[in-house]
Amino acid sequence: MTIAEVSKKFDISADTLRYYERIGLLPPVRRTSGGIRDYTQEDCNWVEFIKCMRGAGLPIEVLIEYMELFSQGDATIPARKELLVEQRGELAQRIAEMQAVLNRLDKKIAGYEQWAPKTKEKLRRPVD
């Protein structure tokens with residue numbers, strides 16, 4: 001696939017894909033004889049993984065560290081697992097914090113819904 005196709009498929013700009021490759025977040029993508037990036041299914045799997053992890057809020061630095069460990073082979077499996085376990089804990093904490101905010105918003109909205117009918121009635125009455 002070309003960079004334009006991958007960009008469209010994953011809704012990521014071509015500049016972002018080039019940036020990810022430049023900083024080592026995405027493994028080097030094979031190129032055609034004309035120098036055009038030619039993404040394989042494996043490359044697309046990495047793009048999908050990166051997009052998912054970034055969407056969950058994982059820092060780029062953590063993902064670069066993960067990629068560096070991955071490139072070193074199976075000997076780094078325990079370190080990769082530990083890194084992901086740590087990130088999972090941080091994500092679970094953020095989710096809990098966001099759930100608390102969501103609950104608070106729900107209570108506020110419910111309060112306004114109780115108040116709103118009274119307001120609508122006042123607005124319907126003719127003004128003196």
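Me: pLDDT is the predictor's confidence in each residue, from 0 to 100. Which element of the protein has the lowest mean pLDDT?

Reply: This is a predicted model: local features need pLDDT of at least 70, side-chain atom pairs count only at pLDDT 80 or more, and totals for chains, interfaces and linings use all residues. Residues are numbered from 1 along each chain as its sequence is written, and side-chain values use heavy atoms, with hydrogens and water left out. The mean pLDDT of the protein is 91, with 90% of its residues at 70 or more. Among the elements, helix 1 (residues 3-10) has the highest mean, 97, while the lowest, 87, belongs to helix 5.

Me: Thanks! What pattern does the protein follow along its sequence?

Reply: Helices (H or I, at least four residues) and strands (E, at least two) are DSSP runs, numbered from the N terminus. Here there are five helices and zero strands. Read from start to end, the protein therefore follows the pattern α-α-α-α-α.

Me: What share of the residues is buried?

Reply: Let's set the cut-offs: buried means under 20% relative accessible area, exposed over 50%, and partly exposed in between, with a 1.4 Å probe and protein chains only. The protein has 128 residues, and the buried share of them is 24%.

Me: How far apart are the end C-alpha atoms of helix 4?

Reply: Helix 4 covers residues 60-71, which is twelve residues. The expected span of a helix is 1.5 Å times one less than its number of residues. For helix 4 that should give 16 Å, and the distance between its end C-alpha atoms agrees: 16 Å.

Me: Which residue with a positive phi follows helix 4?

Reply: Several residues of helix 4 are buried, among them Ile 60, Leu 63 and Met 67. After the helix comes a residue with a phi near 100°, and that residue is Gly 73.

Me: Is Asp 11 buried or exposed?

Reply: Asp 11 sits in the loop between helix 1 and helix 2 (14-22). Its phi is positive, about 55°, although Asp 11 is not a glycine. Most residues other than glycine have a negative phi. With a relative accessible area of 67%, Asp 11 is exposed.

Me: How many salt bridges does the structure hold?

Reply: Side chains of opposite charge can pair when their charged atoms come close. A salt bridge is a side-chain nitrogen of Lys or Arg within 4 Å of a carboxyl oxygen of Asp or Glu. One of them joins Arg 30 and Asp 38 at 3.0 Å, N to O, and Asp 38 is partly exposed at 24% relative accessibility. In total, the number of salt bridges is three.

Me: Which residue forms a salt bridge with Arg 18?

Reply: The closest N and O atoms of this pair are 2.6 Å apart. Arg 18 and its partner Asp 15 are three residues apart in helix 2, so about one helical turn separates them. Arg 18 is partly exposed at 30% relative accessibility, whereas its partner is exposed at 55%. The partner is Asp 15.

Me: How many residues apart in sequence are the parts tied together by Arg 37 and Glu 21?

Reply: The side chains of Arg 37 and Glu 21 meet in a salt bridge of 2.6 Å, N to O. Arg 37 lies in the loop between helix 2 and helix 3 (41-55) and Glu 21 in helix 2, so the pair ties together parts of the chain. Both residues are buried. In sequence, the distance between those parts is 16 residues.

Me: How far is Phe 10 from Lys 51 in space, C-alpha to C-alpha?

Reply: Phe 10 belongs to helix 1 and is buried, with a relative accessible area of 10%. Contact means heavy atoms within 4.5 Å. Leaving aside neighbours within four places in sequence, Phe 10 is in contact with Cys 44, Val 47, Glu 48 and Lys 51. Although Phe 10 and Lys 51 are 41 residues apart in sequence, their C-alpha distance is 7.9 Å.

Me: How far apart in space are Leu 83 and Glu 65, C-alpha to C-alpha?

Reply: Leu 83 is in helix 5 and counts as buried at 10% relative accessibility. Not counting residues up to four places away in sequence, Leu 83 touches Val 62, Glu 65 and Tyr 66. Leu 83 and Glu 65 are 18 residues apart in sequence, and their C-alpha distance is 8.7 Å.
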